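Q: I'd like to learn how to read a protein–DNA model feature by feature. Can you take me through this one?

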Protein chains: 2
Amino acid sequence: MESEKIIIDEGKFIPHLSVDCVIFGFHGEQLKVLLPKVKSLDLWSLPGGYVMKDEDIEAAAQRILEERTGVTDIYLEQFYIFGKANRSTGETLKKVLLANNFAIDEKSWVFERFVSVGYYALVDFSKVNTKIGIYDEVCEWHDIHQLPDLAFDHAEITLKALETLRFMLDDKLIGLNLLPDTFTMKELQILYETILDKPLRRDNFQRKILSMGILERVEKKFTGAAHKAPYLYKFIK
Amino acid sequence: MESEKIIIDEGKFIPHLSVDCVIFGFHGEQLKVLLPKVKSLDLWSLPGGYVMKDEDIEAAAQRILEERTGVTDIYLEQFYIFGKANRSTGETLKKVLLANNFAIDEKSWVFERFVSVGYYALVDFSKVNTKIGIYDEVCEWHDIHQLPDLAFDHAEITLKALETLRFMLDDKLIGLNLLPDTFTMKELQILYETILDKPLRRDNFQRKILSMGILERVEKKFTGAAHKAPYLYKFIK
DNA sequence: CCAAAAGTGTTAACTGTACACCCATGT
DNA sequence: ACATGGGTGTACAGTTAACACTTTTGG
């Protein structure tokens, strides 16, 4: 089945440089990561891409995120640059291109050594419409504790992203980016417990969060359950 | 004075990528940064360089640091990647090359957009023998509070390095890398006060540091001053 | 009226800060 | 002996963690 090959315009991009995104979401009391799977291959990887020659790196990350989630203005943070000379091999990428009927130029930089900028993103799970990329068969959410084998050093990148997320969590209450616009204190607590992977005390957690003065009580949420209705909160400003 | 031009071998390096190092030292109760000044131009910048095509980025940073300080195994940490599309201009570099009798290839990537990986390094001031780079006239220590104007966005990079250093200081007692092998508690305290730019209590500082259990008392240091001789400490392990 | 979970008052434990005193040293 | 700075005991304050009680909801 030889058909016309598809050619990528490598001249548009900064050679040897890529952006990889660890996209976190929260659903069903689980912390999830959005992962595409390459067409025809049993190969999962982080959503990533190249940086255009006149594009800010952060803009490239935003572009890649929008392509996969359909969401604009995503919360994201650069967390590390992965620069080991032997961290990737061109062989894997060649398999990907072959499986997708792309032309392979053996001399291209895309098969050589890569430096990758790691970004982590926090998105409201309910707002995301996952989209597959040009090489992908599917793009799915995976439980952080049950990730498939990942290509290259993407498992290491994911782990470092998670560690950074944990480290930064208290600082700025960034976890809110993973929740819908309004939420109960219980939901926020479960989110924190999930990310930190340890139980928190209900009473003290509530006080600590409220003492930051960045949440506003909106209304009561009647769940139909046989207990006091919790308040809904939203982020101020 | 037209002589034979010097040509750099750009093919050795990853294009559009550079490493910039903020080298911290401590001397005379002042926090210092090591800065080279370009020959014939009134232009100060951070020590930096390119990454060879088969070289780990961190190895590149180590190489750049060794070239300037003569010290091996320097403590260094990657702290940020600076990736704005318009952060540098080729014009400044052209002036530098002109002033140094280097050949200029107008089409070279070195005059285009750069992505720079920022590393900060902590060195024992007394072990450093500063060396000038190929474009430099001098390479000198500058007080962090009295920096000259810096080229490109190097002032911003330096500030971010300092902020990161302050943020990380408590975590791992990394400040020790700025001192000689043995030191008094007073010296360590002054170092911390200098970095954090605020006074600390002598008694509580001593207890806090010792409670970390990573310092060992070595011997007393008789200074010849009319007071109790302080202990010398060294880092355990 | 009861069970379940939300919200809050109170207390205990811990940590960090401040003050004090004693010790060693050279003049 | 005394002035100077190092080392440490202790008390106070502020913060965080633990416990307990009250409130609200639907069965």
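Q: Let's start with surface: how much of chain A is accessible, and what share belongs to carbon and sulfur atoms?
A: Accessible area tells you what a probe can reach, and splitting it by atom type gives a rough view of its chemistry. Keep in mind that this is a predicted model. For chain A the accessible surface is about 12,400 Å², and carbon and sulfur atoms make up 51% of that.

Q: And what percentage of the residues of chain A count as buried?
A: Burial is read per residue, with under 20% relative accessible area as the cut-off. In chain A, 50% of the 237 residues pass that test. As for overall dimensions, the C-alpha trace spans about 65 × 35 × 30 Å along its principal axes.

Q: How do I read the fold, and in what order do the elements of chain A run?
A: Count the elements, then write them down in order. Chain A has five helices and nine strands. Starting at the N terminus, the order is β-β-β-α-β-α-β-β-α-β-α-α-β-β. Then look at sequence separation: among chain A contacts with a separation of 6 or more, 73% are between residues 24 or more positions apart.

Q: What about the core: which residues of the largest nonpolar core touch the most other members?
A: For a core, look for its best-connected members. The largest nonpolar core here has 50 residues, and the ones touching the most other members are Val19(A), Ile57(A), Val19(B) and Ile57(B). Take Ile57(A) as an example. Leaving out residues up to four places away in sequence, its contacts include Leu17(A), Val19(A) and Tyr119(A) from chain A, plus Ile81(B), Gly83(B), Arg113(B) and Val115(B) from chain B.

Q: Polar residues next. Why does Ser116(B) count as buried?
A: Go by the number, not by the residue type. Ser116(B) counts as buried because its relative accessibility is 0%. This residue sits in strand S5 of chain B, residues 115-122. Next, check for a polar partner: the side chains of Ser116(B) and Asp20(B) are joined by a polar contact of 2.6 Å. Other residues that Ser116(B) touches include Val19(B), Tyr80(B), Phe82(B) and Arg87(B).

Q: Why does Gln189(A) count as buried?
A: Same reading, another residue. Gln189(A) has 8% relative accessibility, so it counts as buried. Its place is in helix H4 of chain A, residues 185-196. Setting aside residues up to four places away in sequence, Gln189(A) touches Leu200(A), Arg201(A), Arg202(A) and Phe205(A).

Q: Where is Ser108(A) found?
A: Burial can be checked outside helices and strands too. Ser108(A) is in the loop between helix H2 (90-99) and strand S5 (115-122) of chain A. Ser108(A) counts as buried because its relative accessibility is 3%. For a sense of distance, Ser108(A) and Leu176(A) are 68 residues apart along the chain, with their C-alpha atoms separated by 42 Å.

Q: Now the DNA. Which residues come nearest to DNA strand C?
A: List the neighbours, then ask which parts of the strand they meet. There are 23 residues around DNA strand C, and Arg202(A), Arg207(A), Tyr231(A), Asp203(B) and Ala226(B) come nearest. Of the strand C atoms within 4 Å of the protein, 52% belong to sugar or phosphate, and the rest to bases. By class, the surface near this strand has seven nonpolar, five polar and 11 charged residues. H5(A) gives the most to that surface, with four residues.

Q: How do I find base contacts on DNA strand C, say for Asp203(B)?
A: Look at the atom on each side of the pair. An N or O atom in the side chain of Asp203(B) is 2.3 Å from a base nitrogen of DNA strand C. For Asn204(B), a side-chain N or O atom is 3.1 Å from a base nitrogen of that strand. Lys228(B) uses its backbone instead, with a polar atom 2.9 Å from a base nitrogen of DNA strand C.

Q: And which residues come nearest to DNA strand D?
A: Use the same steps. Of 24 residues around DNA strand D, the nearest are Asp203(A), Lys228(A), Arg202(B), His227(B) and Lys228(B). Sugar and phosphate make up 49% of the strand D atoms within 4 Å of the protein. A polar side-chain atom of Arg217(B) lies 3.1 Å from a phosphate oxygen of DNA strand D, while a backbone N or O atom of Ala226(B) lies 2.8 Å from a base oxygen.

Terms used
Residues are numbered from 1 along each chain as its sequence is written. Chains are lettered from A and ligands numbered from 1 in the order in which they are written. This is a predicted model: local features need pLDDT of at least 70, side-chain atom pairs count only at pLDDT 80 or more; totals for chains, interfaces and linings use all residues. Side-chain values use heavy atoms; hydrogens and water are left out. A residue is near a molecule or strand if one of its heavy atoms lies within 4 Å of it. A polar contact is a pair of N or O atoms within 3.5 Å; within protein, one must be able to donate a hydrogen and the other to accept it, and residues adjacent in sequence count only if both atoms are side-chain atoms. A nonpolar core is a set of buried Ala, Val, Leu, Ile, Met, Phe, Trp, Tyr and Cys residues joined through side-chain atoms within 4.5 Å. Buried means under 20% relative accessible area, exposed over 50%, partly exposed in between (1.4 Å probe, protein chains only). Contact means heavy atoms within 4.5 Å. Helices (H or I, at least four residues) and strands (E, at least two) are DSSP runs, numbered from the N terminus. Ala, Val, Leu, Ile, Met, Phe, Trp, Tyr, Cys and Pro count as nonpolar, Asp, Glu, Lys and Arg as charged, and the others, Gly among them, as polar. Accessible areas come from the Shrake-Rupley method with a 1.4 Å probe; for residues, only the protein chains shown count as cover.
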